[in-house]
Amino acid sequence: MSNAFVTGNSSGLGLGLTTALLADGATVYGCSRRGCPLDHHDLHDQHLDLSKLEQVSAALDRLLGGVERLDLVVLNAGVLGDIRLLSQTALPEIYEIMDINLWANKLILDWLIDNALPVDQVVLISSGAAVRGNKGWGAYALSKAGLNMLAQLYAHEMPESHLIALAPGLVDTAMQDYLCDPEQVEVGDFPSIEKLRAARDSGEMPSAELAARQILQLLPALKRHPSGSFADVRTIV
Ligand SMILES: NC(=O)c1ccc[n+]([C@@H]2O[C@H](COP(=O)([O-])OP(=O)(O)OC[C@H]3O[C@@H](n4cnc5c(N)ncnc54)[C@H](OP(=O)(O)O)[C@@H]3O)[C@@H](O)[C@H]2O)c1
């Protein structure tokens, strides 16, 4: 692995991936609002708020201009929003989640195509929520279902790259801090949360570092799936 680009590199899975890739000797390009906390000579970091869609292209010019090829792109940045009934979620909240989780990724893929930057493998970090339709996962589930279709559609438009939408399984990150906080989410109202809390309590939820390492180990296996398909780390053999 020599050149990688990871979005959402300031915490959680994106930070875990960046750490593991740097340890493996890769040059890693990344972006987030807060910035990557790592200090490494092979890390190139760009502060970028992906909800500001009009800023994405210029930020990528600064970050990736001059890069000749990328072996791996991980479109990882994402937000959960509140677990709440969709009927009680206003459209502006949904728009923001869609902008970050879906449309910013479209713009990134467009930039790669427009700049004719060769990319070997693209992993779009999806979620089991993309296909489960559990109560309360509204805007997030919609955005990840859209992301799965984005992968499928761009597979036609990036024939030299292998794309996959990948559910990373449960990972112990800030997202789970929110989901597992009884003051934030009431299990009685949203039963799917119970499984997450049980997994965290019993130590079955891997750290971001461990989950990142698992994803990197799976990269060759992911390529055996058709480009554009959806896979879940829990079921890949
Ligand atoms: N944790 C899980 O169990 C789990 C399960 C399934 C899927 N996922 C997916 O895994 C991915 C990573 O999430 P995580 O669990 O590692 O959560 P996390 O710790 O909250 O990380 C989210 C990352 O996305 C970045 N991000 C969020 N909004 C952004 C914005 N507007 N502009 C730029 N970057 C932004 C954050 O950076 P800044 O805040 O600095 O901008 C951060 O680096 C997400 O796509 C999530 O949907 C996680």
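The exercises below work through the sheet, several single residues and the ligand shell of a predicted model.

Residues carry numbers counted from 1 along each chain as its sequence is written. Because the model is predicted, local features need pLDDT of at least 70 and side-chain atom pairs count only at pLDDT 80 or more, whereas totals for chains, interfaces and linings use all residues.

**Exercise 1. The sheet**

Task: Work out in which order the strands form the sheet, and which strands stand at the edges.

Solution. Begin with the terms: helices (H or I, at least four residues) and strands (E, at least two) are DSSP runs, numbered from the N terminus, and two strands pair if DSSP finds at least two bridges between them. On that basis, 7 strands form an open sheet with parallel pairing, in the order β3-β2-β1-β4-β5-β6-β7. β3 (43-47) and β7 (229-232) stand at the edges with a single partner strand each, so one side of each has no neighbour in the sheet. From one strand to the next the twist averages 20°, an angle that runs from 0 to 180 degrees between the N-to-C directions of axes, which are lines fitted to C-alpha atoms, for helices over the stretch in contact.

**Exercise 2. Partners of β1 and β2**

Task: Trace the pairing of strand β1 (residues 3-7) with strand β4 (residues 70-75), then that of β1 with β2, and finally that of β2 with β3.

Solution. Step one takes β1 and β4, which pair in the parallel sense over 3 bridges; here Val6 has Val74 of β4 as its bridge partner. Step two takes β1 and β2, parallel again and paired over 5 bridges, with Thr27 in β2 as the bridge partner of Asn3. The strands β1 and β2, together with α1, make a right-handed β-α-β unit, where right-handed means that, with the strands pointing away from the viewer, the path from the first strand over the helix to the second runs clockwise. Step three takes β2 and β3, which run parallel and are joined by 5 bridges, and in this pair Ser32 stands opposite His47 of β3.

To judge how enclosed strand β2 (residues 27-32) is, note that 5 of its 6 residues are buried, so the rest of the structure largely encloses it. The classes are set by counting other C-beta atoms, placed from the backbone, within 10 Å of a residue's own: 20 or more make it buried, 12 or fewer exposed, and anything in between partly exposed.

**Exercise 3. Val123 and its strand**

Task: Locate Val123, decide whether Val123 is buried or exposed, and list the residues that Val123 touches.

Solution. Val123 lies in strand β5 (residues 119-125). With 25 other C-beta atoms within 10 Å, Val123 is buried. Leaving out residues up to four places away in sequence, Val123 touches Val74, Ile164, Leu166 and Leu222, contact being defined by C-beta atoms, placed from the backbone, that lie within 7 Å. For the strand as a whole, 6 of the 7 residues of β5 are buried, so β5 is largely enclosed by the rest of the structure. The chain reaches β5 from β4 through helix α3 (residues 91-114), in a right-handed β-α-β crossover.

The pairing of β5 follows. β4 and β5 pair in the parallel sense over 5 bridges, with Val73 opposite Val122. β5 also pairs with strand β6 (residues 162-167), again in the parallel sense over 5 bridges, and there the bridge partner of Val122 is Leu163.

**Exercise 4. A backbone detail**

Task: Where is Ala116 placed, and is Ala116 buried or exposed?

Solution. Ala116 sits in the loop between α3 and β5. With 6 other C-beta atoms within 10 Å, Ala116 is exposed. Its phi is positive, about 50°, although Ala116 is not a glycine.

**Exercise 5. The ligand shell**

Task: How many residues surround the ligand, and how do the residues of the shell divide?

Solution. The shell holds 30 residues, of which Gly8, Gly12, Arg33, Arg34 and Gly78 are the closest; a residue is near a molecule if its C-beta atom, placed from the backbone, lies within 6 Å of it. The shell divides into 14 nonpolar, 13 polar and 3 charged residues, where Ala, Val, Leu, Ile, Met, Phe, Trp, Tyr, Cys and Pro count as nonpolar, Asp, Glu, Lys and Arg as charged, and the others, Gly among them, as polar. At least two residues of the shell come from each of α1 (12-23) and α6 (174-179).

Met175 is found in helix α6 and touches Gly12 and Leu80, not counting residues up to four places away in sequence. Met175 is partly exposed, with 19 other C-beta atoms within 10 Å.

Note on methods
Two residues are in contact if their C-beta atoms, placed from the backbone, lie within 7 Å.
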